[in-house]
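Biologist: Could you walk me through this model, one feature at a time?

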Amino acid sequence: MDGTRNDGIGGGSRREFLKTAAVAGGAAALVPAGSALADTTELPTVTLGKTGQKVPALGMGTSWAVQPSFVQAALAAGVRYIDTSENYEGGRAEETLGVVLERTKMRKEVYLVTKNGRNKKNPAAYEERLNGSLKRLRTDYVDCYYLHGLEGREIALLKDPEVKASFERLKKSGKIRFCGLSCHDGMLPEIVTAAAECGWIDQIMIAYNFQTMDGDAIRRALDAAAKANLGLVAMKSQGTPQGPGGGGRGRGRGRGRASGGAEAPQGPNPLDKLKGLMEKGFKKEQAAIQAIFHDGRMQAVVSEMTNRDQLRDNLAAAARPKLSLRDQQLLEEYRQATAHLYCHGCDHHCGPAAGGIAVADILRFLRYDEAYGKRTRARELFQALSPEARDIARADLAAAEAACPHGLPVADLLRRAESRLG
Ligand code: SF4
């Protein structure tokens, strides 16, 4: 983090915002009087790798039914980096952002990212897809355009000359400023490495949090990405939310609910590990955001903030001093105590044993449903898998469970995913 204050894309004071909004015809009225977000949080800015852009260290994700009043409250509170996609809510997220950015005349103050979520294998269609996004966003350019959710089986796209040429044409046309990708696939290290090597990707956004940042493979991949000077943005910063009173097999190491799992509370509550942090006024969610910045390579976090309390807490977390060594140690102890409660996305272990079904994807969708309350989105994603990839009935669930090195109750979780999302 540069530690500098908003003076680039993140610039613009709340007073200026309200003035602009008032000129724009009453938009300021959308910000509730006496809102807890009455004051703009001055976020530190970061330089986003080789894009050279100074952006706030915290961005807002929009893969939910985001409302105009919430977007406007976020802008008033200091958000100047917004991430969206043509996929989110069937394009309605882009439409909502377009309405607010046009009404407030703040398009140029925001670092705006959207994504190509369909027809990734057809570079000839990229411009048409982008044009749809630009129309919904009511703008003639986006700051960065991503290949959305690149999967391991699509990794060859990064070396495909037609894909590269298509992105470069969009850059030359001025419709996009930078090229990127997002990824939460089990082959994340391989994809990050390929992005670092391909030469045309400027920025990446990856699933990365205190629960997943300990692997050697991802460390090496991020070293390569940092060396290639890619802009590095984390998403899924909270990992799998845990709470007391859940269930989970846990092999006697704690209790919690494993993104679903059997009811078997036992042993100490993993959240006890965080008492020291909480006594200092940190919420677990805030510590999770701070942990990402401690990595030293991640430049920004895009966080899905779906209510005003989360927005306020996350802005405060991004703006507050770094965690102490003791705080980091407490977070690490919490990570170790909960490692058996979340899927690490490593389905090269369990996938072949299960007969090739997409275990990590399915458990991620179950998490969207159960932990984040996004059932519609989770069902859509599950249904979009190929019939073979979601054929849980034919999978060898016992073998998959035995192959999981983290001790997840894979069979229970997959059965529940099928009944909830199938
Ligand atoms: S179920 Fe276990 S082995 Fe399979 S992806 Fe998740 S953590 Fe890895």
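The dialogue below goes from confidence and overall fold to helices, backbone angles, the ligand and a few single residues.

Biologist: Happy to start. What is the mean pLDDT of the protein chain, and where is the pLDDT below 50?

Modeller: Keep one general idea in mind: where pLDDT is low, the predicted coordinates should not be read in detail. This is a predicted model, and its protein chain has a mean pLDDT of 81, with 81% of the residues at 70 or more. Over residues 1-8 the pLDDT is below 50, although that stretch has 21 contacts in the model beyond near neighbours in sequence. Residues 10-38 are also below 50, and there the model has 43 such contacts.

Biologist: Thanks, I will leave those stretches alone. How many helices and strands does the chain have?

Modeller: There are 16 helices and 10 strands in the protein chain. Buried residues account for 50% of its 422 residues. Taking contacts between residues at least 6 apart in sequence, 76% of them link residues at least 24 apart.

Biologist: Now a packing case, please. At what angle do H3 and H4 pack?

Modeller: The general recipe is friendly enough: two packed helices are described by the angle between their axes and the distance between the axes. Here, helix H3 (residues 92-104) packs against helix H4 (residues 126-137) at about 45°, and the axes are 6 Å apart. That angle makes H3 oblique to H4. On the H3 side the contact uses Glu94, Glu95, Leu97 and Gly98, which meet Ser133, Arg136 and Leu137 of H4. By class, the residues of this contact are 2 nonpolar, 2 polar and 3 charged.

Biologist: And is helix H2 buried or exposed?

Modeller: Count its buried residues: in H2 (residues 68-77) they are 8 of the 10, so the helix is largely enclosed by the rest of the structure. The buried ones are Phe70, Val71, Gln72, Ala73, Ala74, Leu75, Ala76 and Ala77. Just after H2 comes Gly78, with a positive phi of about 120°.

Biologist: That brings up backbone angles. Which sign does phi have at Glu89 and at Asn119?

Modeller: As background, most residues other than glycine have a negative phi, and most peptide bonds are trans. Glu89 has a positive phi near 50° without being a glycine. Its position is in the loop between strand E4 (81-83) and H3. Glu89 counts as partly exposed because it has 18 C-beta neighbours inside 10 Å. Asn119, also not a glycine, has a positive phi of about 55°. Asn119 sits in the loop between strand E5 (111-116) and H4, and its 12 C-beta neighbours inside 10 Å make it exposed.

Biologist: Let us turn to the ligand. How many residues surround the ligand, and which are the closest?

Modeller: The shell has 15 residues, and the closest are Cys343, Cys346, His349, Cys350 and Cys404. Helix H12 (347-353) and helix H13 (359-370) are the elements that give two or more residues to the shell. Sorted by class, the shell holds 9 nonpolar, 5 polar and 1 charged residues.

Biologist: H12 has a proline too, I see. Where does Pro352 lie, and is it buried, exposed or partly exposed?

Modeller: Pro352 lies in helix H12. With 14 other C-beta atoms within 10 Å, Pro352 is partly exposed. Its C-alpha is 9.5 Å from that of Asp396, 44 residues away along the chain.

Biologist: What about Pro409: how many C-beta neighbours does it have inside 10 Å?

Modeller: Pro409 has 24, so it counts as buried; 20 or more is the cut-off for that. Pro409 is in the loop between helix H15 (397-403) and helix H16 (410-421). From Pro409 to Leu397, 12 residues apart in sequence, the C-alpha distance is 9.7 Å.

Biologist: One last pair. Where do Leu381 and Arg320 lie?

Modeller: Leu381 lies in helix H14 (residues 375-384). Leu381 has 19 C-beta neighbours inside 10 Å and therefore counts as partly exposed. The C-alpha atoms of Leu381 and Phe365 are 6.9 Å apart, with their positions 16 residues apart along the chain. Arg320 is in the loop between helix H10 (308-319) and helix H11 (325-338). Arg320 is partly exposed, with 15 C-beta neighbours inside 10 Å. Between the C-alpha atoms of Arg320 and Gln290, 30 residues apart along the chain, the separation is 8.4 Å.

Definitions and conventions:
Residues are numbered from 1 along each chain as its sequence is written. This is a predicted model: local features need pLDDT of at least 70, side-chain atom pairs count only at pLDDT 80 or more; totals for chains, interfaces and linings use all residues. Helices (H or I, at least four residues) and strands (E, at least two) are DSSP runs, numbered from the N terminus. Two residues are in contact if their C-beta atoms, placed from the backbone, lie within 7 Å. Axes are lines fitted to C-alpha atoms, for helices over the stretch in contact, and angles run from 0 to 180 degrees between N-to-C directions. Angles under 35 degrees count as roughly parallel, over 145 as roughly antiparallel, 65 to 115 as roughly perpendicular and the rest as oblique. Ala, Val, Leu, Ile, Met, Phe, Trp, Tyr, Cys and Pro count as nonpolar, Asp, Glu, Lys and Arg as charged, and the others, Gly among them, as polar. pLDDT is the predictor's confidence in each residue, from 0 to 100. A residue is near a molecule or strand if its C-beta atom, placed from the backbone, lies within 6 Å of it.
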